[in-house]
Amino acid sequence: ALAVIEKINKAAAKIFFATGSSKLLAKSNTALTHVVEILNANPDYKVDINGYTDNQGNAEKNRVLSEVRANAVLDYLVKKGIDASRLSAAGFGDENPVADNKTAAGRSKNRRV
């Protein structure tokens, strides 16, 4: 089970959006297809899709952006045949940073789904 979670998290690191938008970039398709394959191979798994932003800009707008991005991933997975009952999506804005928001590289890491 842990190996499957690691595979999903690794694929999730390669999900990208247009700046300030919930539009998935085409370069995300390979990673998302991999997630679909993992979920199809593990039909009992349920996935929480959590969106985060960096700390730049309005906190409430960032929370909303993170939520619509998480929902964009959920919608993609559903369109690819994953049952919506296996998925949940939430946005947390700039909460729980994984890197320093003082650097561009850190902010990039904090913008994630």
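**Loops, strands and core of the predicted model**

Leaving aside neighbours within four places in sequence, glycine 93 is in contact with Gly51, Tyr52, Thr53, Asn62, Arg63 and Ser66. The structure is a predicted model. Glycine 93 sits in the loop that joins strand 2 to helix 4 (104-110). With a relative accessible area of 2%, glycine 93 is buried. Its C-alpha atom is separated by 17 Å from that of alanine 105, 12 residues apart along the chain.

The loop between strand 2 and helix 4 also holds asparagine 96. Asparagine 96 is partly exposed, at 47% relative accessibility. Its phi is positive, about 55°, although asparagine 96 is not a glycine. Most residues other than glycine have a negative phi.

A second loop runs between strand 1 and helix 3, and aspartate 54 is found there. Aspartate 54 has a relative accessible area of 7%, so this residue counts as buried. Its side chain makes two polar contacts of note. One reaches the backbone nitrogen of glutamine 56 at 2.9 Å. Another is made with the side chain of arginine 111, at 2.7 Å. Residues up to four places away in sequence aside, aspartate 54 touches Asn62, Asp94, Asn101, Arg107, Asn110 and Arg111. Asn62 is thus listed among the contacts of aspartate 54 and among those of glycine 93.

The strands come next. Strand 1 (47-51) pairs with strand 2 (residues 87-91) in the parallel sense, over five bridges. Between the two strands the chain passes through helix 3 (residues 59-79), and this β-α-β crossover is right-handed. Isoleucine 49 stands opposite alanine 89 of strand 2. Asparagine 50 has alanine 90 of strand 2 as its bridge partner.

Side chains alternate along strand 1. Val47, Ile49 and Gly51 point to one face and are buried. Asp48 and Asn50 point to the other face and are not buried. Gly51 is also one of the residues in contact with glycine 93.

Isoleucine 49 has many listed partners. Not counting residues up to four places away in sequence, isoleucine 49 touches Ala70, Val73, Leu74, Leu77, Leu87, Ser88, Ala89, Ala90 and Val113. Isoleucine 49 also belongs to the largest nonpolar core, which has 24 residues. Within this core, Leu39, Ile49, Val73, Leu77 and Leu87 touch the most other members. Helix 1, helix 2, strand 1 and helix 3 are the elements that give two or more residues to the core. In soluble globular proteins, nonpolar side chains tend to be buried together.

Helix 1 spans residues 2-12, and its buried residues are Val4, Ile8, Ala11 and Ala12. Seen down the helix axis, these buried residues fall within an arc of 105°, so they line one face of helix 1. Leu2 and Lys10, on the other side of helix 1, are exposed. The buried residues of helix 1 are covered by elements including helix 2 (29-41) and strand 1.

Methods
Residues numbered from 1 in each chain as written. Predicted model: local features only at pLDDT ≥ 70, side-chain atom pairs only at ≥ 80, totals over all residues. Heavy atoms only, no water. Buried < 20%, exposed > 50% of the residue type's maximum accessible area, 1.4 Å probe, protein only. Helix = DSSP H or I, 4+ residues; strand = E, 2+ residues; numbered from the N terminus. Arc of directions from axis to C-beta. Contact = heavy atoms within 4.5 Å. Pairing = 2+ DSSP bridges. Right-handed = clockwise from strand over helix to strand, strands pointing away. Core = buried A, V, L, I, M, F, W, Y, C linked by side-chain atoms within 4.5 Å. Polar contact = N/O pair within 3.5 Å; in protein donor to acceptor, adjacent residues only side chain to side chain.
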